[in-house]
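Could you walk me through this structure, beginning with the sheet and ending with the parts that pack around it? I would like to follow the reasoning as well as the result.

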Amino acid sequence: MDTTTLATSFISLNREYAKGFNAGNLDSSPAKKCAIVACMDCRVNVERMLGLDLGDAHIIRSAGADARAALTSLTVSQHIMGVEQIHIVKHTRCGMQNDANDILRKIVDSVKQKKTSASEAEIAKSLQDMSFRTWDNLEAAVESDVEAVRSNIATVASVTGWIYDVNKGEIRRITETLPPIEMDKSAEPDAFGGQHGPQKVFLTA
Ligand SMILES: [Zn+2]
């Protein structure tokens with residue numbers, strides 16, 4: 001489907017959606033006080049597979065359900081929108097379950113094919129600051145992301161890790177619902193009073 005056709009279909013399908021729309025009064029804070037970190041994968045229908053309705057949850061999606069990349073959104077979720085539970089859901093047959101170098105190689109090759117004026121070195125340099133977090137063990141990746149969120153200084157919510165099976169449509173809990181990890185008070189604090197403060201914070205009086 002070309003861009004114009006797809007855009008036209010978006011408009012007509014949206015008009016149908018808007019005709020039956022009756023959720024204009026929903027609160028912006030999630031009714032179920034939860035945030036879901038999920039992969040952007042097109043086979044993963046977060047709302048349907050977890051029985052969530054409009055207004056129930058924050059859903060933060062990225063390649064590989066990268067919880068570290070979701071920390072900014074999760075901080076807003078917890079401290080402005082009242083979220084008390086964070087659920088990290090990775091899935092089987094994920095495109096990020098790969099060697100990071102393979103993914104980078106594919107990106108460089110693809111860009112080079114489409115932009116013949118770009119050199120491989122230029123493309124590689126532009127990708128340097130992007131983080132492509134890949135893994136080879138799915139369960140270990142879930143556990144690692146759960147710990148990364150729990151140990152973030154801004155985390156006050158409980159954190160749970162899951163795997164969704166794209167073949168069966170089933171979720172499986174990988175970690176118990178765990179409280180945030182308390183900071184080690186003896187460690188050297190950074191300028192904002194914690195070891196894991198955000199790298200860029202601009203506070204003005
Ligand atoms: Zn994925």
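What follows is a tour from the sheet to its core and then to two helices.

A word of care before setting out: this is a predicted model. A good place to begin is the sheet, which is open and built from five strands in the order E2-E1-E3-E4-E5, with mixed pairing. Its edges are E2 and E5 (170–173), each of which pairs on one side only. From one strand to the next, the twist averages 25°.

Now let us go through some of the pairings. Strands of a sheet pair through backbone hydrogen bonds, in either a parallel or an antiparallel sense. E1 runs parallel to E2 (residues 57–62), and six bridges link the two. On its pairing with E3 (residues 85–91), E1 is again parallel, here over five bridges. Ala-35 is a handy residue to follow across these strands: it stands opposite His-58 in E2, while its bridge partner in E3 is Ile-86. Moving on along the sheet, E3 and E4 are parallel too and are joined by seven bridges. In that pairing, Lys-90 has Ile-163 of E4 opposite it.

How enclosed is E1? Six of the six residues in this strand (residues 34–39) are buried, so E1 is largely enclosed by the rest of the structure. You can see this on both faces: Cys-34, Ile-36 and Ala-38 are buried on one side, and Ala-35, Val-37 and Cys-39 are buried on the other.

That brings us to the nonpolar core. The largest one has 28 residues, and those with the most contacts inside it are Ala-35, Val-37, Ile-86, Ile-88 and Val-89. At least two residues of this core come from each of E1, E2, E3, helix H6 (138–150) and strand E4 (158–165). E1 gives the largest share, six residues.

Two of these core residues deserve a closer look. Ile-86 sits in strand E3. Counting 29 other C-beta atoms within 10 Å of its own, against the 20 or more that the term requires, Ile-86 is buried. Beyond its neighbours within four places in sequence, Ile-86 contacts Ala-35, Val-37, Leu-74, Val-149, Ala-157 and Val-159. Ala-67 lies 19 residues from Ile-86 in sequence, and their C-alpha atoms are 10.0 Å apart. As for Ile-88, setting aside residues up to four places away in sequence, it touches a list of residues that includes Val-37, Ala-65, Ala-67, Val-142, Val-146, Val-149, Val-159 and Trp-162.

Let us finish with the helices. H6 lies across E3 and E4, running at about 155° to E4. H3 (residues 71–79) shows a nice division between its sides. Which of its residues are buried? They are Leu-74, Ser-77 and Gln-78. Viewed down the axis of H3, these buried residues fall within an arc of 90°, so they line one face of the helix. Thr-72 and His-79, on the other side of H3, are exposed. What do the buried residues of H3 pack against? Their partners are E1, E2, E3 and H6. One of those contacts has already come up, since Leu-74 is among the residues that Ile-86 touches.

Methods. Residues are numbered from 1 along each chain as its sequence is written. This is a predicted model: local features need pLDDT of at least 70, side-chain atom pairs count only at pLDDT 80 or more; totals for chains, interfaces and linings use all residues. A residue is buried if 20 or more other C-beta atoms lie within 10 Å of its own, exposed if 12 or fewer, and partly exposed in between; C-beta atoms are placed from the backbone. Helices (H or I, at least four residues) and strands (E, at least two) are DSSP runs, numbered from the N terminus. Two strands pair if DSSP finds at least two bridges between them. A nonpolar core is a set of buried Ala, Val, Leu, Ile, Met, Phe, Trp, Tyr and Cys residues joined through C-beta atoms within 7 Å. Two residues are in contact if their C-beta atoms, placed from the backbone, lie within 7 Å. The arc is that of the directions from the helix axis to the C-beta atoms. Axes are lines fitted to C-alpha atoms, for helices over the stretch in contact, and angles run from 0 to 180 degrees between N-to-C directions.
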